[in-house]
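Reader: Could you walk me through this structure slowly, since I am still new to reading models like this?

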Amino acid sequence: MTRVILLCLLAVSFICNVSPAPLSTSPNPAVAAHNALIKRAEPGTGDDDFPDTEPHPNKLDQVETAFNDAFELAAYVLNSIDDDIDIFPHYFNGGDRAGVKNVFLAIFGTTSVPENPSTGNDLLANIHVQRKDTEGQCKNGRTLAYMHDGETKKPTIVLCDNAFKKKAVTALKGADPQKDEDKKWYASCEPLTKNGHVSYLMNTLGATLLHEYLHFDGLVESVFGAPIIDQDNPKGEPIGYGPVQVYDKLSKDLAPFNADSYTYYALHNLWHVLCQKDFAAPRAGIDDADPDCGKQACSS
């Protein structure tokens with residue numbers, strides 16, 4: 001039995017080909033074993049920004065599910081990265097494979113980097129997540145989220161209103177994945193396979209959080225010896241946002257230091273496994289024209 005088929009069978013409520021149902025239980029044994037650690041290691045939220053009010057799902061429910069979805073993305077990468085000769089080369093140089101793996105290991109909670117032994121997961125508990133737009137970056141209509149004080153020990157992730165348009169993968173409180181009226185809350189294979197290309201349709205709220213984790217210097221900077229940022233060209237124009245810019249376009253020398261390279265590699269890998277689909281290259285002006293971000297690639 002192949003690894004892909006085994007993972008799909010383990011996704012109890014997810015039928016891999018076209019079902020819109022999410023993973024209501026963890027599809028990856030590594031994640032299942034790790035779930036006991038998540039509550040003590042996930043970022044914190046405040047009652048003011050995320051009150052636990054009726055009806056469900058509320059924004060707190062969305063964020064808490066996104067914490068798990070970020071771990072799922074990392075887990076799927078770790079399950080396949082050693083043998084991945086199809087997806088990985090579109091995002092990174094082969095010689096950077098061990099380092100890229102260590103970045104995901106650091107997020108997931110274990111790493112072989114001596115400077116940061118088995119502390120990555122715990123460090124996530126130092127992050128505070130809020131909705132208050134303290135720097136005004138959400139006003140441009142393109143930004144899903146941003147990290148404040150990423151170079152400190154206790155950074156903040158600001159989630160913009162646009163971020164909550166992104167959907168869940170794993171089970172969301174108050175939204176039954178088997179009910180037609182609740183399927184709007186979940187990302188699914190049907191639109192992805194119909195589109196057939198790597199695209200913004202793959203993006204999720206969990207992926208937005210994963211992107212922001214990569215800006216936490218204390219978590220991942222030691223792997224490649226420099227911060228993971230959002231790459232610009234000399235004119236200050238973004239060159240590392242969205243599927244079109246990071247898939248075979250951004251210099252592979254810059255990719256280990258660009259957050260969306262990791263994010264879209266993880267998304268591409270996840271949906272390749274869950275949908276059992278080989279996705280074609282993204283198309284400029286189509287697969288990066290995200291309506292949630294003004295028909296352009298989202299920034300975060």
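Author: We can look at some helices and how they pack, and then turn to a few backbone details. Please keep in mind throughout that this is a predicted model.

Reader: Okay, how do α3 and α4 cross?

Author: Helix α3, residues 59–80, and helix α4, residues 97–108, have axes that come within 9 Å and cross at roughly 140 degrees. That angle makes α3 oblique to α4, and the crossing in which α3 passes α4 is left-handed.

Reader: Which residues make the contact?

Author: From α3 the contact uses Phe 71, Ala 74, Ala 75, Val 77 and Leu 78, while α4 brings Lys 101, Phe 104, Leu 105, Ile 107 and Phe 108. Sorted by class, the contact of α3 with α4 has nine nonpolar residues, no polar ones and one charged one.

Reader: Is α4 itself largely enclosed or left open, and why?

Author: Of the 12 residues of α4, 10 are buried, so the helix is largely enclosed by the rest of the structure. The buried residues of α4 include Arg 97 and Asn 102 as well as Val 100, Val 103 and Leu 105. From its first C-alpha to its last, α4 reaches 16 Å, close to the 16 Å expected at 1.5 Å a residue. The residue that follows α4 is Gly 109, with a positive phi near 125 degrees.

Reader: Phe 104 was in that contact, so what else does Phe 104 touch?

Author: Leaving aside residues up to four places away in sequence, Phe 104 touches Ala 74, Val 77, Leu 78, Leu 210, Tyr 262, Tyr 265 and Ala 266. Phe 104 has 0% relative accessibility and therefore counts as buried.

Reader: Then what about a charged one in α3, say Asp 69: buried or exposed?

Author: Asp 69, which lies in helix α3, counts as buried because its relative accessibility is 3%. Apart from residues up to four places away in sequence, Asp 69 touches Ala 168, Val 169, Thr 170 and Gly 206.

Reader: Switching helices, how far apart are the ends of α10?

Author: The end C-alpha atoms of α10, residues 259–275, are 24 Å apart, which agrees with the 24 Å that its 17 residues should span at 1.5 Å a residue. Since 16 of those 17 residues are buried, α10 is largely enclosed by the rest of the structure. After α10 comes Gln 276, whose phi is positive, near 50 degrees.

Reader: And how does α7 cross α10?

Author: The axes of α7, residues 205–213, and α10 come within 9 Å and cross at roughly 145 degrees, and this crossing is right-handed. Ala 207, Leu 210 and His 211 in α7 meet Ala 259, Asp 260, Thr 263, Ala 266 and Leu 267 in α10. The residues of that contact divide into five nonpolar, two polar and one charged.

Reader: New topic: where are the cis peptide bonds you know of?

Author: One runs from Glu 54 to Pro 55, with omega near -5 degrees, and another joins His 56 and Pro 57, with omega about 0 degrees. Pro 55 lies in the loop between β1 and α3, and Pro 57 is placed in the loop between β1 and α3 as well. As background, most peptide bonds are trans.

Reader: Which residues other than glycine have a phi near 60 degrees?

Author: Asp 149 is one of them, and Lys 295 is another. Asp 149 lies in the loop between β3 and β4 and, at 32% relative accessibility, counts as partly exposed. Lys 295 is in the segment after α10 and counts as exposed, at 62% relative accessibility.

Notes. Residues are numbered from 1 along each chain as its sequence is written. This is a predicted model: local features need pLDDT of at least 70, side-chain atom pairs count only at pLDDT 80 or more; totals for chains, interfaces and linings use all residues. Side-chain values use heavy atoms; hydrogens and water are left out. Axes are lines fitted to C-alpha atoms, for helices over the stretch in contact, and angles run from 0 to 180 degrees between N-to-C directions. Helices (H or I, at least four residues) and strands (E, at least two) are DSSP runs, numbered from the N terminus. Angles under 35 degrees count as roughly parallel, over 145 as roughly antiparallel, 65 to 115 as roughly perpendicular and the rest as oblique. A crossing is left-handed if the near helix is turned anticlockwise from the far one by less than a right angle, and right-handed if clockwise. Contact means heavy atoms within 4.5 Å. Ala, Val, Leu, Ile, Met, Phe, Trp, Tyr, Cys and Pro count as nonpolar, Asp, Glu, Lys and Arg as charged, and the others, Gly among them, as polar. The expected span of a helix is 1.5 Å times one less than its number of residues. Buried means under 20% relative accessible area, exposed over 50%, partly exposed in between (1.4 Å probe, protein chains only).
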